[in-house]
Amino acid sequence: MTSAIEIRQVHKRFGPLYALCGVDLEINAGEFFALLGPNGAGKTTLINIIAGLALASSGSVRVMGHDVVTGYREARSMLGVVPQELVFDPFFTVRETLVFQSGYYGLKKNNSWIDEIIHHLDLADKADTNMRSLSGGMKRRVLVAQALVHKPPVIVLDEPTAGVDVELRQSLWRFIRQLNRNGHTVVLTTHYLEEAEALCDRVAMLKKGSICVLDSIRNLVSNISEYRIRLRLSPGTLPAALQPLTISHDQGCYVLAIEEYSQLENVMAALRVAQTQILELQILQPDLEEVFVKIMHDAESLESASA
Amino acid sequence: MNGFLTLLYKELLRFWKVGLQTVFAPMLSTLLYLLIFSHALEERMQAYPGITYTVFLIPGLVIMAMLQNAFANSSSSLIQSTVSGNHIFMLLSPLSCQEIFTAYVLASVVRGLVVGLGIYGVAVGFYELPLYSFAWVFVFALMGTALLGAIGIIAGIWAEKFEQLAALQNFVILPLTFLSGTFYTISSLPPFWRGLSYLNPFFYMVDGFRYGFFRSSDVSPYLSLGILMACFLAVSWGTLRMLKTGYKIRK
């Protein structure tokens with residue numbers, strides 16, 4: 001089967017600065033994929049290269065098997081991109097914007113699909129309003145609609161929920177998830193890690209222009225070797241044996257780090273021996289955010305060690 | 001509709017939606033020029049024998065307005081898009097460089113022709129203007145507006161701020177049009193300035209365009225047409241290269 005997106009040894013240099021240093025990545029058709037990384041890691045640059053908005057200094061990118069440079073017409077018709085910036089053409093209404101965008105792709109009778117996306121994105125009331133007078137959230141919806149106007153099999157969303165209210169975020173994800181279920185490949189970048197965790201199958205983490213992690217979210221989270229338990233105890237009574245495990249404590253609430261669940265027994269035993277009463281016990285699941293912070297931190301310390 | 005026609009239609013709609021500013025304002029200012037210059041200079045100047053100065057002036061003013069508006073159309077459309085960032089919608093689509101180039105040039109041509117036709121329409125209501133050959137008039141109108149439309153694409157992509165574009169318009173395009181023989185025939189100039197005028201491509205547009213009305217000109221219309229075609233080919237080649245390499249727009 002052809003990959004939805006195939007990235008081979010992509011480098012991108014801006015003058016003396018390397019924005020991407022040899023990125024290799026393959027995203028399967030039908031996947032819901034997240035591209036994560038701190039600001040300036042190269043996520044948007046990579047997306048721009050996939051979309052043809054930027055040209056790679058070397059390396060190649062294919063979308064549904066079509067090279068984005070030599071087969072740009074096919075590659076671009078396979079791809080819908082929601083840009084990060086709220087850009088719009090102030091001369092036109094929402095419907096005009098969508099009809100023009102559809103026309104750029106050479107689609108003739110696309111009105112029923114345009115009506116459908118207008119409906120799904122709750123834009124019906126605003127369809128004949130000029131783009132200039134829409135709120136930020138509404139403009140964001142139009143951007144999503146524009147990316148979908150030619151029914152692309154691959155959809156790339158560059159931080160689509162930045163600065164968007166909770167309700168819109170929910171409805172947007174419902175819609176995108178629906179598209180994914182219908183077979184569209186979805187790639188997104190986001191700063192909300194819980195979003196990636198809830199929606200995506202796999203993630204790639206970018207750091208300083210390289211992919212430092214590429215795995216399924218389940219593996220990443222289960223590989224993390226640390227679990228945390230939060231205990232609320234009767235005042236001031238954490239047994240001395242447990243002090244080394246404590247990573248934070250606040251008004252009778254202690255957070256302990258353990259390496260595996262079996263260690264939990266030792267903790268309980270120590271508490272029993274000290275005759276300490278447990279008022280509350282909570283096991284904290286590691287989440288993607290923790291993985292992210294750990295990996296970014298590890299990459300940094302590795303770097304400073306080698307420097 | 002295919003992609004090219006959509007872009008062309010969008011570009012036409014863009015200026016037509018603000019027609020007061022893009023069509024009627026230049027018509028008005030050109031007609032004011034005509035009114036004022038004809039009042040002030042009618043008695044004092046004669047460019048061609050047997051033709052009053054006002055009548056001589058009309059074709060020059062018409063082509064000048066056409067050229068300026070053709071340039072303004074592509075350049076302002078592109079700079080507005082690149083500054084606000086909405087040019088990416090065009091770049092994300094499968095439109096080719098040639099399609100983008102042709103759509104912008106044609107929209108410029110249409111705006112130039114609409115403005116020119118408007119001025120001409122009003123002017124012939126008041127003055128008796130001969131028309132020797134519609135074909136020559138049309139060919140020079142077409143070549144001139146197409147050339148300026150293409151230059152406008154380069155300018156719109158090159159300029160990063162409105163200020164830079166305004167500078168180009170005020171310090172390059174405007175002087176070249178004013179000094180191209182719009183208001184005089186270059187045969188009335190001292191030799192040095194006449195020689196310099198031959199280096200100004202705008203001169204050939206004005207001179208050839210005027211030939212279509214009066215059947216007299218400073219140089220042969222065939223020479224003018226040849227020079228303009230060469231200029232258009234060179235500028236088009238440059239513009240297409242720019243679009244192809246993504247100069248400033250595909251980083």
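**Entry 1: helix 5 of chain A**

I looked up helix 5 of chain A and found it mostly covered, with 10 of its 13 residues buried. A residue is called buried if 20 or more other C-beta atoms lie within 10 Å of its own, exposed if 12 or fewer, and partly exposed in between, with C-beta atoms placed from the backbone. Helices (H or I, at least four residues) and strands (E, at least two) are DSSP runs, numbered from the N terminus.

Before going on, I noted that this is a predicted model, where local features need pLDDT of at least 70, side-chain atom pairs count only at pLDDT 80 or more, and totals for chains, interfaces and linings use all residues. Residues are numbered from 1 along each chain as its sequence is written, while chains are lettered from A and ligands numbered from 1 in the order in which they are written.

Helix 5 covers residues 136–148 and reaches 19 Å from its first C-alpha to its last, close to the 18 Å expected at 1.5 Å a residue; the expected span is 1.5 Å times one less than the number of residues. Among its buried residues I listed A:Arg140, A:Arg141, A:Val142 and A:Leu143. What do the buried residues of helix 5 of chain A pack against? In chain A I found strand 6 (79–82), helix 3, helix 4 (111–120), strand 7 (154–158) and helix 6 (166–181), and in chain B helix 4 (88–92).

**Entry 2: helix 3 beside helix 5**

Next I checked helix 3 against helix 5 in chain A: their axes come within 9 Å and cross at roughly 25 degrees. Axes are lines fitted to C-alpha atoms, for helices over the stretch in contact, and angles run from 0 to 180 degrees between N-to-C directions. The two helices are therefore roughly parallel to each other; angles under 35 degrees count as roughly parallel, over 145 as roughly antiparallel, 65 to 115 as roughly perpendicular and the rest as oblique.

I saw A:Val94, A:Thr97, A:Leu98 and A:Gln101 of helix 3 meet A:Val142, A:Ala145 and A:Gln146 of helix 5. Two residues are in contact if their C-beta atoms, placed from the backbone, lie within 7 Å. The residues of this contact divide into 4 nonpolar, 3 polar and no charged. Ala, Val, Leu, Ile, Met, Phe, Trp, Tyr, Cys and Pro count as nonpolar, Asp, Glu, Lys and Arg as charged, and the others, Gly among them, as polar.

**Entry 3: where the chains touch**

I found 24 residues of chain A in contact with 22 residues of chain B. Helix 2 (72–77) and helix 3 (94–104) of chain A each give two or more residues to that side of chain A. By class, this side has 13 nonpolar, 6 polar and 5 charged residues.

**Entry 4: a helix pair in chain B**

In chain B, I looked at helix 3 (residues 53–84) and helix 7 (residues 162–178), whose axes come within 12 Å and cross at roughly 165 degrees. That makes the pair roughly antiparallel. Residues making the contact include B:Phe71 of helix 3 and B:Phe162 of helix 7.

**Entry 5: chain A overall, and two residues**

For chain A, I noted 10 helices and 14 strands. Of its 307 residues, 37% count as buried.

Is A:Val10 buried or exposed? A:Val10 is buried, because 23 other C-beta atoms lie within 10 Å. A:Val10 sits in strand 1 (residues 3–14), and its contacts beyond four places in sequence include A:Leu20 and A:Ile49.

I also tried A:Asp115 in helix 4 of chain A. A:Asp115 is partly exposed, with 14 other C-beta atoms within 10 Å.
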